[in-house]
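Subject: Structure for you to look at

Hello,

Here is the structure I said I would pass on. My notes on it follow below.

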Amino acid sequence: MPKTIRDTDIEAGARIKEMRKASGLSQGDLAEGLGITFQQIQKYENGSNRMSVGVFVAICQTLGASPMDILSSFFVEEELSSYPRLSTTVISLKEKLTQIRNLASA
């Protein structure tokens, strides 16, 4: 079944959120870099607001990501980039590091 525009907005937003977290940025950090509010970043990430091409490009530049890191799966069956796997690994490692720090400080 083809994806709807809404599904695509949600998936692209989820990838942006994943990349933002992997970069160690908060929604506020990303928003500040773009000159918008963190609430707007929230809406982009959950797919409730669509991004203009200009905002999308600025987000990619701020995150140091290629637009295809976010969009590749919409055009081919297999992901062209390893970024989603890498970002998942980075997020997992950051969570484990936080747990270690919490244990060390307890």
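How many helices and how many strands does the secondary structure of the chain come to? There are six helices and zero strands, so please read α-α-α-α-α-α from the N terminus on. Note that this is a predicted model.

Some totals for the chain: it has 106 residues, of which 26% count as buried. Taking the contacts with a separation of 6 or more, 61% are between residues 24 or more positions apart.

I looked mainly at helix α1, residues 5-22. With 18 residues at 1.5 Å a residue, α1 should span 26 Å, and this agrees with its end C-alpha atoms, which are 26 Å apart. The buried residues in α1 are D9, A12, G13, R15, I16, M19, R20 and A22. After α1 comes G24, with a positive phi near 80 degrees.

The other helix to look at is α4, residues 53-63. The axes of α1 and α4 come within 10 Å and cross at roughly 25 degrees. Angles under 35 degrees count as roughly parallel, and the two helices are therefore roughly parallel to each other. The crossing in which α1 passes α4 is left-handed.

Which residues meet there? From α1 they are I16, M19 and R20, and from α4 they are F56, I59 and L63. By type, the residues of this contact are five nonpolar, no polar and one charged. I16, M19 and R20 also appear among the buried residues of α1.

Regards

Technical notes. Residues numbered from 1 in each chain as written. Predicted model: local features only at pLDDT ≥ 70, side-chain atom pairs only at ≥ 80, totals over all residues. Heavy atoms only, no water. Axes fitted to C-alpha atoms, helices over the stretch in contact; angles between N-to-C directions. Helix = DSSP H or I, 4+ residues; strand = E, 2+ residues; numbered from the N terminus. Parallel < 35°, antiparallel > 145°, perpendicular 65-115°, else oblique. Left-handed = near helix turned anticlockwise from the far one by under 90°. Contact = heavy atoms within 4.5 Å. Nonpolar A, V, L, I, M, F, W, Y, C, P; charged D, E, K, R; others polar. Expected span 1.5 Å × (residues − 1). Buried < 20%, exposed > 50% of the residue type's maximum accessible area, 1.4 Å probe, protein only.
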